[in-house]
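Please report on the salt bridges in this structure and on one helix packing contact. Give the cut-offs with the terms.

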Amino acid sequence: MALKIDRGLFKYDFIDNHAILCVSVDADVKEVRKRYLQIARRLHPDSNLTESSAQKQLGNELLSKLVNPAYEKLTSDRTRAEYMMILAQIGKRLVQESTSVTLNSDLAKQLAEAANFDHFYKSAIAQLAQTQYDSLEQALQVIGQVSELNLVYLMRSAGKSSTAPPPHAQPKAQSGTPEPNTAKNTPPEPAPPKEDLIVEQYVRRAQSLIDKNQFAQAKVELQDALKLEPKNSRCHSLIAMVYLKQNQLKMAKIHFDNALKLDPNDETALQWKPKIDKALGQQPSDHKVTSSPNNKDKQPDKSGSGGLFGGLFGGKKK
């Protein structure tokens, strides 16, 4: 059985671990553990002595390939923090793309319209959890249904803080004459093209996060920016710095290379790329920086990633 799900958050190349365990997206670790133990008892081959070998195999596959990895992701401090940051970013993106979101299940459509959406969401999740893995053949469909609920909940939660126009305000745009700016929240001066504006917002947020040493969240912002504008040299240069700070030198080199291809005068890339080349044991490539000639025969530091990272930065801060 191919464990493929293409509904809800899974449509965004994201593994919805909350949907796999059928817990709400704000569930704490204690709730996650309690739910995991319920599912593990249901799916473990030793717990289902009356089922056929095919059913046991399917249960074991669901447990090992979906449920166990989801539990580990949501209970490890390191992976949970990064996962939750990405989830928050997806919620913001869904608000921007709300007009293109399609829903298949009636529950998700009802949640999209519910007045008290938080209560409706929690009740629906609890209801689906009772039978999620009763039929193993239907389990993936139920996970997809839960993920649709998660998608709508994230979108509505993120939309609380946004200033989205009320539904009845939309038809006024049909008039041929533009309306005056006075009733709008946007500044009166002409705005740049929408895509450029969004990318600039991503870059500003990423720079602020880098300044606060919040590199994982900064990386998410810059990845989103590069999806919109893959040939933005500043984005490549900034994400290279993020990878550098996280000691992922090869990824930093790739993005510095891209930055220099797009802008040979990029100061950050010109400063750091030769140092990365040297640390990786490579000769500096075509994008030359006037550096001292006596660095050609140095051995790369193989003492471990920590030494390499410390050697690159040498106590200096960017």
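The report below covers salt bridges first, then a helix pair.

This is a predicted model, in which local features need pLDDT of at least 70, side-chain atom pairs count only at pLDDT 80 or more, and totals for chains, interfaces and linings use all residues. Residues are numbered from 1 along each chain as its sequence is written, and side-chain values use heavy atoms, with hydrogens and water left out.

**Salt bridges**

Side chains of opposite charge can pair when their charged atoms come close. Here a salt bridge is a side-chain nitrogen of Lys or Arg within 4 Å of a carboxyl oxygen of Asp or Glu. The whole structure holds eleven of them. Three are tabulated with their closest N and O atoms.

| Acid | Base | Closest N and O atoms |
|---|---|---|
| Aspartate 26 | Lysine 122 | 3.3 Å |
| Glutamate 61 | Lysine 65 | 3.4 Å |
| Aspartate 224 | Arginine 93 | 2.6 Å |

Helices (H or I, at least four residues) are DSSP runs, numbered from the N terminus. Accessibility is classed by relative accessible area: buried is under 20%, exposed is over 50%, and partly exposed is in between (1.4 Å probe, protein chains only).

Aspartate 26 pairs with lysine 122. Aspartate 26 sits in the loop between helix H1 (17-21) and helix H2 (29-43), and lysine 122 in helix H6 (residues 117-129), so this salt bridge ties together parts 96 residues apart in sequence. Aspartate 26 is partly exposed at 42%. Lysine 122 is also partly exposed, at 31%.

Lysine 65 and glutamate 61 are both in helix H3 (residues 53-75), four residues apart, or about one helical turn. Lysine 65 is exposed at 53%. Glutamate 61 is buried at 16%.

Aspartate 224 bonds to arginine 93 through a salt bridge. Aspartate 224 belongs to helix H9 (residues 215-228) and arginine 93 to helix H4 (residues 77-96), so the pair ties together parts 131 residues apart in sequence. Both residues, aspartate 224 and arginine 93, are buried.

There is also a network of salt bridges: it links Lys253, Asp257, Lys273 and Asp277.

**Packing of H4 and H7**

H4 packs against helix H7 (residues 139-159) at about 75°, with the axes 8 Å apart. Axes are lines fitted to C-alpha atoms over the stretch in contact, and angles run from 0 to 180 degrees between N-to-C directions. The two helices, H4 and H7, are therefore roughly perpendicular, a class that spans 65 to 115 degrees. Contact means heavy atoms within 4.5 Å. H4 contributes Leu87, Gly91, Lys92, Leu94 and Val95, while H7 contributes Leu151, Leu154, Met155, Ala158 and Gly159. These contact residues divide into seven nonpolar, two polar and one charged. Nonpolar covers Ala, Val, Leu, Ile, Met, Phe, Trp, Tyr, Cys and Pro; charged covers Asp, Glu, Lys and Arg; the others, Gly among them, are polar.

Notes
Parallel < 35°, antiparallel > 145°, perpendicular 65-115°, else oblique.
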